[in-house]
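Q: I have a protein model open and do not know how to read it. Where should a beginner start?

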Amino acid sequence: MIREVTDGVFAETDVRGCNPGFVVTSEGVVVIDTPQLPTRAVEMRKAAESHGPIVYLINTEHHVDHIFGNYFFKGAGTVISHDYVLQEFMTVYPEINPYEYAKEAVPTDDPDGIGLFPDEEAYFADMNQPTVTFSADATLRLGDLTFELIATPGHTPGQIAVYIPQKKTLFASDNIFNGVQTWHYTSNINQWIDSLKSLKKLDLEFIVPGHGPVCGPDRIDAQMAVLHEWQYYVADCMARGMSESDCIENCKIRDRYSVDIGQEYMLHHVIENNVKSLYQKLACA
Ligand SMILES: [Zn+2]
């Protein structure tokens with residue numbers, strides 16, 4: 001369900017995928033990330049357009065759950081992102097084909113969306129990629145509001161968070177996983193921690209995290225602690241001489257949170273990849 005976080009700021013946090021949203025200004029609407037599930041994407045576009053024309057669509061990172069739904073927002077404003085998001089937009093790798101990953105979720109999480117899901121050729125012919133990109137912090141102004149696009153590398157290299165000072169609201173993207181397992185297996189955790197420190201300086205009341213329910217600024221410290229906990233857990237295992245697989249099988253962090261909505265079945269996969277990533281980084285450091 002799309003709910004109003006504060007006056008004119010809307011987000012959807014209870015469906016599979018990231019937490020997309022939109023903000024209403026005096027001159028039109030700014031969409032921040034797009035729902036991965038077709039029915040939700042169509043619904044969000046309709047809800048956003050009921051407040052005025054969509055002028056900008058901002059993608060906060062390149063992961064499929066933040067960008068796939070762009071397809072359903074064709075013709076609705078200018079798509080904006082960090083350079084890296086465009087560079088990696090729906091790139092197929094041996095370990096993940098993002099199109100297949102998006103498709104896999106539809107029968108279970110959006111059966112009504114099966115007919116809306118584009119076939120591969122149609123999808124890749126026009127994905128509604130960003131046409132305006134930037135490589136550092138950027139500021140966007142529309143009507144009465146300012147959108148600070150803050151570069152926060154760590155979870156991904158092209159990560160941004162979107163701050164709307166007039167609303168004391170931050171769309172934190174995957175800088176923050178609130179109350180659900182953190183995915184960090186391709187991340188640079190040290191950079192991520194530095195990015196969280198920079199977000200701490202903002203004047204905030206509301207955070208729309210990348211995953212999990214809307215929260216307050218206290219979750220920035222909580223996320224920092226989660227990242228430290230992962231580092232310490234894997235370092236402790238290594239110091240005891242445990243193998244990577246023992247570290248995965250005995251993982252104490254497994255029970256702290258479940259994985260976000262619709263992805264609970266992926267818990268082992270998340271734990272395994274998070275441990276592997278850290279184990280390798282600590283071993284090479
Ligand atoms: Zn992500």
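A: Start with contacts: two residues are in contact when heavy atoms of theirs lie within 4.5 Å. This is a predicted model. Among contacts in the protein chain between residues at least 6 apart in sequence, 64% join residues at least 24 apart.

Q: Which residue is I261 close to in space, C-alpha to C-alpha, though 244 residues apart in sequence?

A: That residue is G17, with 7.7 Å between the two C-alpha atoms. I261 sits in the loop between α8 (244-249) and α9 (267-284). Its contacts, leaving aside neighbours within four places in sequence, are T13, D14, V15 and R16.

Q: Is I261 buried or exposed?

A: Buried means under 20% relative accessible area, and exposed means over 50%. I261 has 33%, so I261 counts as partly exposed. E12, in strand β2 (residues 9-12), has a relative accessible area of 1% and is buried. For the protein chain, buried residues make up 54% of the 285 residues.

Q: What does E12 touch?

A: Not counting residues up to four places away in sequence, E12 touches M1, I2, C18, N19, P20, P35, R40 and M44. With M1 there is also a polar detail: the backbone nitrogen of M1 is 3.4 Å from a polar atom of the E12 side chain.

Q: How many helices and strands does the protein chain have?

A: The protein chain has nine helices and 12 strands. Its radius of gyration is 18 Å, close to the 19 Å that the globule rule gives for 285 residues, so the chain is as compact as a globular protein of that length. Along the principal axes, its C-alpha atoms fill a box of roughly 60 × 45 × 30 Å.

Q: What are the protein donors of the zinc ion?

A: A donor is an N, O or S atom within 2.8 Å of a metal such as zinc. Here the protein donors are E61 (OE), H63 (ND1), H155 (NE2) and D174 (OD), at 2.1 to 2.2 Å from the zinc ion. Along the chain they follow the spacing E-x1-H-x91-H-x18-D. E61 lies in the loop between β5 (54-58) and α2 (64-67) and D174 in strand β11 (residues 169-177), so this pair ties together parts 113 residues apart in sequence. Both E61 and D174 are buried.

Q: Why is the site of the zinc ion called irregular?

A: Ideal angles at a metal are 109.5 degrees for four tetrahedral donors. To count as tetrahedral, four donors need all angles between 85 and 135 degrees. The angles among the four donor atoms here are 76 to 170 degrees, and the site is irregular.

Definitions and conventions. Residues numbered from 1 in each chain as written. Predicted model: local features only at pLDDT ≥ 70, side-chain atom pairs only at ≥ 80, totals over all residues. Heavy atoms only, no water. Donors = N, O, S within 2.8 Å, 3.2 Å for Na, K, Ca; no water. Tetrahedral: all angles 85-135°; square planar, octahedral: opposite > 155°, others 65-115°. Helix = DSSP H or I, 4+ residues; strand = E, 2+ residues; numbered from the N terminus. Buried < 20%, exposed > 50% of the residue type's maximum accessible area, 1.4 Å probe, protein only. Rg over C-alpha atoms; globule rule 2.2 N^0.38 Å. Polar contact = N/O pair within 3.5 Å; in protein donor to acceptor, adjacent residues only side chain to side chain.
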